[in-house]
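Please open the structure in your viewer and keep the selection tool at hand. The tour below proposes what to select at each stop and describes what is found there.

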Amino acid sequence: MPKILTTESGAPVADNQNSASAGEYGPLLIQDQHLLEKLARFNRERIPERVVHARGSGAYGYFEVTDEVSRYTRAAFLAEVGKRTEVFLRFSTVAGNLGSNDAVRDPRGFAVKFYTEQGNYDLVGNNTPVFFIKDPLKFPDFIHSQKRDPYTGVQEADNVWDFWAHSPASTHQITWLFGDRGIPASYRHMNGYGSHTYQWVNEDGEAHWVKYHFKTNQGIRSLDARQAAEAVGDDADSHQRDLHQAIGRGVFPSWTLYVQLMPVAEAADYRFNPFDVTKVWPHADHPLVKVGRLVLNRNPENVFAEVEQAAFSPNNFVPGIGPSPDKMLQGRLFAYADAQRYRLGVNHTQLPVNAPRATEAANYGRDGLGALNPAGRDRNYEPNSHGGPVQSDAALAAPVGLSGRTGTHATPAHVKDDDFFQAGELYRLMSEAERGRLIDNLAGSLAQVSRDDVVERNLAHFHAADEEYGARLAAAVAELRSADEA
Ligand code: HEM
């Protein structure tokens, strides 16, 4: 026997095919609770999409420690080889809306939630080791320039490149984005990076600066511009379909996690600013140290409940892991939970995908829209004389020494710092064929810009990165622009 259909308050529904009317031909009755409830609920199905990274795909799995790293961090989930922790990972594109295409040139989000016994640890990274800008104050401007123009309603190369013309530090990430890895073939065939520098601290209080690298075990596969256009035409949801079907078939994607570690004392005199997210740390200086394996093996049961309502915040740390002074990261420590209070409400941390799984939240936060108030009748103030939760007295991370004066400061430059050298190094690492595709991709976009001064400003950045890079790009752009005029 099938279950009887009910209203939301549990009363049986007599007819789910015909609304109640005043006679066969008469108007509908306001007493038809089922009709009113069904239409009203339908009107409220959508919530605000994420302001960035709106389009994404998620899956559950586990992280297993394969190598000893407890001498660097006291995080319990990394304490011993063989230890497994449940994870949820959401992949995403950045600029597109919820209903946009998967196979586009855009960075990909790589956001991991580790459900550890000391609380949830969120590592909210991308598939690129660097980012476009250095200061969170510029993030809204940057995103505005990459999304739809307020007047034309479409993405404008003029805006995209105008922002970059004024943001020389983005040259490195632009080189990355327009290169071969700029359009992954699927979410399974790309790496993930924490991108920022974070802090690890061990039982003795000894701290290291750390960068995370998740290397795909499926191998890197990318699409060129033509293949991507075909993929978009064939299937707007190609990445979602690929991930869901692979996991459904039992072909579980995995990544190997490595970290780079820098002793805290090394940072001050490092030749470039190690907290600048537009730069990578060369492996020759800080080799990769293997940590473990991340495996995705379970699809969510319900995309809206578990993927759309998933909330990751770079500020969700656990003991043994903390932030660095990277200004971008510092801005992100605020932005995410704030976005989620708007998008999902103040009680989003109680939703099953976001709530801790290997421990329980125990605090005095109460009430608000949609509160479950799991603490029930317990006292809602602290301190109290009734055995309520108390502070641990153990700082999560190590204190960071400070000097200087308050004020607005440019990101500090170390002796060898400039905005271009790593873009040049990345260009010179590429094969001739890769360089050719990079130049074609860049020229195809830059040549669409209407103003010569904006084109020239951008070309100067590529010249500064590498003379050949700049010269080839300038020639390719000039050729396309003269062909357009002809
Ligand atoms: C100051 C710079 C940044 C700001 C202010 C910012 C802000 C945001 C906001 C507001 C969201 C939507 C959150 C939500 O509604 O749940 C978001 C999503 C995201 N951001 Fe950022 N972001 C910044 C830089 C970055 C960087 C550098 C990375 C990668 C290294 C990154 C990776 C992501 C990812 C992966 C998501 C999607 C998370 C998910 O799957 O739910 N963001 N960002």
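Begin by selecting the iron atom of the ligand: its single donor from the protein is the OH atom of Tyr 336, at 1.8 Å. Please bear in mind that this is a predicted model. Next, extend the selection to residues 327-343, which form helix H8, the helix that contains Tyr 336.

Now select the whole protein chain and colour it by secondary structure; twelve helices and ten strands should appear. The radius of gyration of the chain is 25 Å, close to the 23 Å that the globule rule gives for 486 residues, so the chain is as compact as a globular protein of that length. Along the principal axes, the C-alpha atoms fill a box of roughly 80 × 65 × 50 Å.

With the chain still selected, display its surface. About 24900 Å² is exposed, and carbon and sulfur atoms supply 53% of this area. Of the 486 residues, 46% count as buried. Colouring by charge picks out 49 positive and 62 negative side chains, two sets whose centres lie 3 Å apart.

For the final stop, select Asn 127, in the loop between strand E4 (119-126) and helix H2 (139-146). Is Asn 127 buried or exposed? Its relative accessible area is 3%, which is under the 20% limit, so Asn 127 counts as buried. Then show the residues in contact with Asn 127 beyond its neighbours within four places in sequence; among them are Pro 107, Arg 108, Trp 176, Arg 181 and Tyr 193.

Definitions and conventions: Residues are numbered from 1 along each chain as its sequence is written. This is a predicted model: local features need pLDDT of at least 70, side-chain atom pairs count only at pLDDT 80 or more; totals for chains, interfaces and linings use all residues. Side-chain values use heavy atoms; hydrogens and water are left out. Donors are N, O and S atoms within 2.8 Å of the metal (3.2 Å for Na, K and Ca); water is not among the atoms, so sites may look incomplete. Helices (H or I, at least four residues) and strands (E, at least two) are DSSP runs, numbered from the N terminus. The radius of gyration is taken over C-alpha atoms; the globule rule is 2.2 Å times the number of residues to the power 0.38. Buried means under 20% relative accessible area, exposed over 50%, partly exposed in between (1.4 Å probe, protein chains only). Accessible areas come from the Shrake-Rupley method with a 1.4 Å probe; for residues, only the protein chains shown count as cover. Lys and Arg count as positive and Asp and Glu as negative; His and the chain ends are not counted. The place of a charge is taken as NZ of Lys, CZ of Arg, CG of Asp or CD of Glu. Contact means heavy atoms within 4.5 Å.
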